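Let's take a walk through this protein together. Have the sequence and the coordinates open, and pull up each residue as we get to it.

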Amino acid sequence: MHELVGALRSYAWGSRTALAELCGRPVPSAHPEAELWFGAHPADPAYLRSSDGTRSLLDLVSADPERELGPAATEFEGKLPFLLKILAAEEPLSLQAHPSAEQARAGFRRENRAEVPLDSPMRNYRDDNHKPELVVALSRFEALAGFRDPRRTVELFRALDVPALASYTELLAAQPDSGGLRTLFTTWITLPQNVLAALLPEVLDGCVRYLSSRKRKFAPEARTALELAETYPGDAGVLAALLLNRLTLQPGQGLFLDAGNLHAYLRGVAVEIMANSDNVLRGGLTPKHVDVPELLRVLDFEPIDLPLVLPEPAGDGSVRYRTPAPEFALRRFDLTEGAGQVPLTDAGPGIVLCSVGSVRLLHDGTQLVLERGAGAWISATDTDIRAQAVDGPAQVFCACVGGNA
């Protein structure tokens, strides 16, 4: 086992305080800090720290995948199949979805044939993998995720009482299914600018009136539309956001998103784990590259219930976040000082991330102390990893290959 130093990613929507505080660095940071990557993705791999210096986790795994990954090396073509992150959103992320594995392979080949550089801002597919993902809130975490039941959306539109919405309301009321959602979303996301410029202010006025009336049922949806419009004025994604489930995760609650689910994380701090991919199709609420035709190609318009993932007791003192993804599994351990050593995992490959307090990892007569915001790489040859809280309560997340939890 080795200490793992995460790769810090700065984006405009990030926080100047959350990750700095988490990692014990001066606050505020010089730039917005959005993500801390613990993985072996070629775009920004984490680094192992040892007495011999530092080494990329990507280089370590690539040099001897059988030793580092064990049987997973064969199943996942010698690559670590997941990417673990800490995400800190001060402002909304883009309205986005991720492709299926088949769509990712086809899109990656297509853009390679077109000789689009991998680092081009116009690139949609930076690798050939899909990106199912799970976020687990460390703080109150706000999100839009998946298309809401159209009947409830019709109820929302009627509650806003905006005459300019009437034709769209009746369109969805006449076809309250995935077909109606596809038609309405496609219409809105491709509206001519002059039509959008007339419609959007009327919808926002309706949201203001609704909130002024002190009605509660759709207050989060109306407030979110106003907040998005303030950050991204004149953006069709503000209208599209009215079609999505609006969620608030409390610390410890999770959200799983499979291929094709339209979503936008709004604010908060969370642990995020996903298949080892950086493929994103954006539809709005961003200054980055937006490719509406490609987004429409991958979207799943089937309405879904609020896709919460609640922690389940795993029988070993941890809780498990169950998902169908074969690439990853995630558990959380809440450790108390003086409780002795707790078995974390029989064997790797895996990544341990300390999110609260500090923790001592013990293995084969050696120990490694992780402070808050630090991680550790557990190779397939590392067995019987144990943990112990240091100087107060601690919390750790353990990420491993799906089926190994």
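What follows goes from the domains to a helix, a strand, the salt bridges and a few spots in loops.

Keep in mind that this is a predicted model. Let's start with the overall layout. The domain assignment splits the protein into domain 1 (2-144 + 249-309), domain 2 (147-243) and domain 3 (319-400). If you take centres over C-alpha atoms, domain 2 and domain 3 sit 44 Å apart.

Now zoom in on helix α10, which covers residues 219-231. With 13 residues at 1.5 Å each, the helix should span 18 Å, and its end C-alpha atoms are 19 Å apart, so expectation and model agree. Which residues of α10 are buried? They are A219, E221, A222, T224, A225, L228 and A229. The cover over these buried residues comes from several elements, including α6 (150-160), α9 (193-212) and α11 (237-241) among the helices, along with the strands β9 (141-147), β10 (244-249) and β12 (263-275).

One of those covering strands also gives us a salt bridge back to the helix. R267 pairs with E227, with 3.0 Å between the closest N and O atoms. R267 belongs to β12 and E227 to α10, so this pair ties together parts that lie 40 residues apart in sequence. Neither partner is buried: R267 counts as partly exposed because its relative accessibility is 31%, and E227 is partly exposed too, at 30%. Salt bridges with shared partners also join R110, E294 and R297 into one network.

How many salt bridges does the structure hold? The count is 17. Another of them runs between E35 and K85, whose closest N and O atoms are 3.4 Å apart. This one links distant parts of the chain, with E35 in strand β3 (residues 35-38) and K85 in strand β6, 50 residues away. Both E35 and K85 are buried. Compare that with the pair E68 and R67, where the closest N and O atoms are 2.8 Å apart. Here E68 is buried, because its relative accessibility is 4%, while R67 at 42% is partly exposed.

Stay with β6 for a moment, since L83 is found there too (the strand runs over residues 82-89). Is L83 buried or exposed? Its relative accessibility is 0%, so L83 counts as buried. Beyond its sequence neighbours within four places, L83 is in contact with W37, F38, G39 and H41, and also with E272, I273, M274, A275 and N276. As another way to place it, the C-alpha of L83 is 9.4 Å from that of P45, which is 38 residues away along the chain.

Now out to the loops. L310 is in the loop between β14 (308-309) and β15 (312-313). With a relative accessibility of 48%, L310 counts as partly exposed. Together with L306 and L308, L310 forms a nonpolar surface patch, and the three have about 270 Å² of accessible area together.

Our last stop is P326, in the loop between β16 (318-321) and β17 (329-335). P326 is partly exposed as well, at 41% relative accessibility. Setting aside residues up to four places away in sequence, P326 touches F76, V401 and G402. From P326 to L22 it is 304 residues in sequence and 30 Å in space, C-alpha to C-alpha.

Definitions and conventions
Residues are numbered from 1 along each chain as its sequence is written. This is a predicted model: local features need pLDDT of at least 70, side-chain atom pairs count only at pLDDT 80 or more; totals for chains, interfaces and linings use all residues. Side-chain values use heavy atoms; hydrogens and water are left out. Patches are made of residues with over 30% relative accessible area and no salt bridge: like charges are joined within 9 Å, nonpolar side chains (Val, Leu, Ile, Met, Phe, Trp, Tyr) within 5 Å. Accessible areas come from the Shrake-Rupley method with a 1.4 Å probe; for residues, only the protein chains shown count as cover. A salt bridge is a side-chain nitrogen of Lys or Arg within 4 Å of a carboxyl oxygen of Asp or Glu. Helices (H or I, at least four residues) and strands (E, at least two) are DSSP runs, numbered from the N terminus. Buried means under 20% relative accessible area, exposed over 50%, partly exposed in between (1.4 Å probe, protein chains only). The expected span of a helix is 1.5 Å times one less than its number of residues. Contact means heavy atoms within 4.5 Å. Domain bounds come from an automatic or database domain assignment.
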